[in-house]
Amino acid sequence: MTHTNVTILHPAVFVLLGIPGLEAYHIWLIPLCLMYVSAVLGNSLLMVVIITEHTLHESMYFFLSMLAMTDILLSTTTVPKALAIFWIHAHDIVFDACVTQVFFVHVMFVGESAILLAMTFDCFVAICALLRYTAVLTWSVVRGIALGIVTSFCIVFPVIFFLKRLPFCGTNTVPHSYCEHIGVARLACADITVNIWYGFSVPIVMVILDVILIAVSYSLILRAVFHLPSKDARRKALSTFGSHLCVILMFYTPSFSTLLTHRFGRNIPRHVHILLANLYVVVPPVLNPIVYGVKTKQIRESVARRLFEIKAWCCAPLWADGSPHIPISYLIKEARFLCTLKSSKYGLDFNILCIDK
């Protein structure tokens, strides 16, 4: 009886080239670095405000905090390594780190699409069934949706299995700024048909299903908005709808462009593929907190309140024991600010609720 030992060869490291052909034009790395820092700071600030501000403890802002966390993970998985390649020529990445990068890029792609679908459902209930909003979107339902989003990464595990089973006996040079599934699989000396079809079709089918459901929800939302009796109500509903639509377009446009050009754009130069891939992982994370910060009144007011608190504490004189002396005028302003949040949220009269001057 004989035993056959099958050894799968994995390279110790892969060499990431960055953007082949554009080595002399890496001045654009300064904006890329600034965009990455802006994405991390903006989404972190958004998460802190949502967590610490009790008036924002609602399903819409819960999903928005999940979106901010996903954006931070997506950009942090790829951009720092790309900057290290371009600035300090750190081209090497170990095999396990490369596979981990592939896993997180796919997970964040599928997860962010699922979060956008959940946010669309929240918007649909808020506009089309406002009186039943709290009855439909209870915290148990929200937790169930969040659990479904988190467990969506299960469809990515086969991608990792298919990648680790491949033998690599040729070059270990990856013509990209980060490890991408098909780009790494093409270096193998084996048939990668399963990798191509599963790695391309399954995430696309999942995302296209999300897009179809989002489109149906938005068509119902628009029909409900144009049947509202008040012009002011239509304006507010369209403002909320517009911010959601901007975020969705910012995510799906570069992501689908990246996938389709990589799969079908054989005549497109390679550096265009890589530039699109880098824009996909950094542009939506930068713009999402800006869009929601500008378009959502509660978030604007909460951020302003936090900045006002920091200013008050920094500029306040100290008591003898070293503790800050907060002026009574600040406390009155804070009370009026909280009343403003409550009145704007429930449509009540500010002058009836709040403290007199």
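Here are some exercises with worked solutions on a predicted model.

**Exercise 1. Find the disulfides and say which parts of the chain each one joins.**

Step 1: Scan every cysteine sulfur against every other, with 2.5 Å as the cut-off. The search over the whole structure turns up two disulfides.

Step 2: Take Cys98 and Cys179, whose sulfurs sit 2.0 Å apart. Cys98 belongs to helix H3, while Cys179 is in the loop between strand S3 (173-174) and helix H7 (181-185), so this bond ties together parts 81 residues apart in sequence.

Step 3: Get the handedness from the torsion about the S-S bond. For Cys98 and Cys179 that angle is -120 degrees, a left-handed link.

Step 4: Now do Cys169 and Cys189, with 1.9 Å from sulfur to sulfur. Here the loop between helix H6 (157-164) and S3 holds Cys169, and the loop between H7 and helix H8 (193-225) holds Cys189; the two are 20 residues apart.

Step 5: Write the pairing pattern. With the bonded cysteines numbered in sequence order, you get 1-3, 2-4.

**Exercise 2. Sort the four bonded cysteines, Cys98, Cys179, Cys169 and Cys189, into buried, partly exposed or exposed.**

Step 1: Recall the bins: buried is under 20% relative accessible area, exposed is over 50%, and partly exposed lies in between.

Step 2: Cys98 comes out at 1%, so call it buried. Cys179 also has 1%, so it goes in the buried bin too.

Step 3: Cys169 has 54%, so it's exposed. Cys189 has 39%, so it's partly exposed.

**Exercise 3. Work out why Cys123 has no bond to Cys128.**

Step 1: Look for the closest cysteine sulfur to that of Cys123. Cys128 supplies it, at 8.1 Å.

Step 2: Compare with the cut-off. A disulfide needs the sulfurs within 2.5 Å, so 8.1 Å is too far for a bond.

Step 3: Add the burial. Cys123 has a relative accessibility of 3%, so it counts as buried.

**Exercise 4. Describe the largest nonpolar core and follow the contacts of Leu116.**

Step 1: Count the members. The core takes in 88 residues, and the ones touching the most other members are Phe14, Leu64 and Leu116.

Step 2: Ask which element gives the most. That's helix H3 (residues 95-128), with 18 residues.

Step 3: List what Leu116 touches once residues up to four places away in sequence are dropped. You're left with Leu67, Ile214, Val247, Ile248, Phe251 and Tyr252.

**Exercise 5. Classify the ring pairs Phe109-Tyr280 and Phe251-Tyr252.**

Step 1: Start from the whole set, which is 13 aromatic pairs.

Step 2: For Phe109 and Tyr280, the ring centres are 6.2 Å apart and the planes meet at 75 degrees, so the pair is edge-to-face. In sequence the two are 171 residues apart, Phe109 in helix H3 and Tyr280 in helix H10 (residues 270-295).

Step 3: Check burial for this pair. Phe109 is buried at 7% relative accessibility, and Tyr280 is buried at 6%.

Step 4: Phe251 and Tyr252 are edge-to-face as well, with 4.9 Å between centres and 70 degrees between planes. Phe251 is buried at 1% relative accessible area, and Tyr252 is buried at 7%.

Step 5: Put the pairs together. Phe109, Phe251, Tyr252 and Tyr280 make one aromatic cluster.

**Exercise 6. Compare the span of H10 with the expected one, and find where H10 bends.**

Step 1: H10 has 26 residues, and at 1.5 Å a residue you'd expect 38 Å. From first C-alpha to last, H10 reaches 37 Å, close to that value.

Step 2: Locate the bend. H10 turns by about 30 degrees at Tyr280, and Pro284 follows within four residues. Tyr280 is also a member of the aromatic cluster from the previous exercise.

**Exercise 7. Contrast two residues of helix H8, Ser217 and Val194.**

Step 1: Ser217 has 15% relative accessibility, so it counts as buried. Beyond its sequence neighbours up to four places away, Ser217 touches Thr120 and Phe124.

Step 2: Val194 has 40% relative accessible area, so it's partly exposed. With the four-place exclusion applied, Val194 touches Phe162, Arg165 and Gly199.

Step 3: Set sequence against space for Val194 and Leu163. They're 31 residues apart along the chain, with 9.8 Å from C-alpha to C-alpha.

Technical notes:
Residues are numbered from 1 along each chain as its sequence is written. This is a predicted model: local features need pLDDT of at least 70, side-chain atom pairs count only at pLDDT 80 or more; totals for chains, interfaces and linings use all residues. Side-chain values use heavy atoms; hydrogens and water are left out. A nonpolar core is a set of buried Ala, Val, Leu, Ile, Met, Phe, Trp, Tyr and Cys residues joined through side-chain atoms within 4.5 Å. Buried means under 20% relative accessible area, exposed over 50%, partly exposed in between (1.4 Å probe, protein chains only). Contact means heavy atoms within 4.5 Å. Rings of Phe, Tyr and Trp (its six-membered ring) pair if their centres lie within 6.5 Å; planes under 30 degrees apart count as stacked, over 60 as edge-to-face and the rest as tilted. The expected span of a helix is 1.5 Å times one less than its number of residues. The bend at a residue is the angle between axes fitted to the seven residues ending there and the seven starting there.
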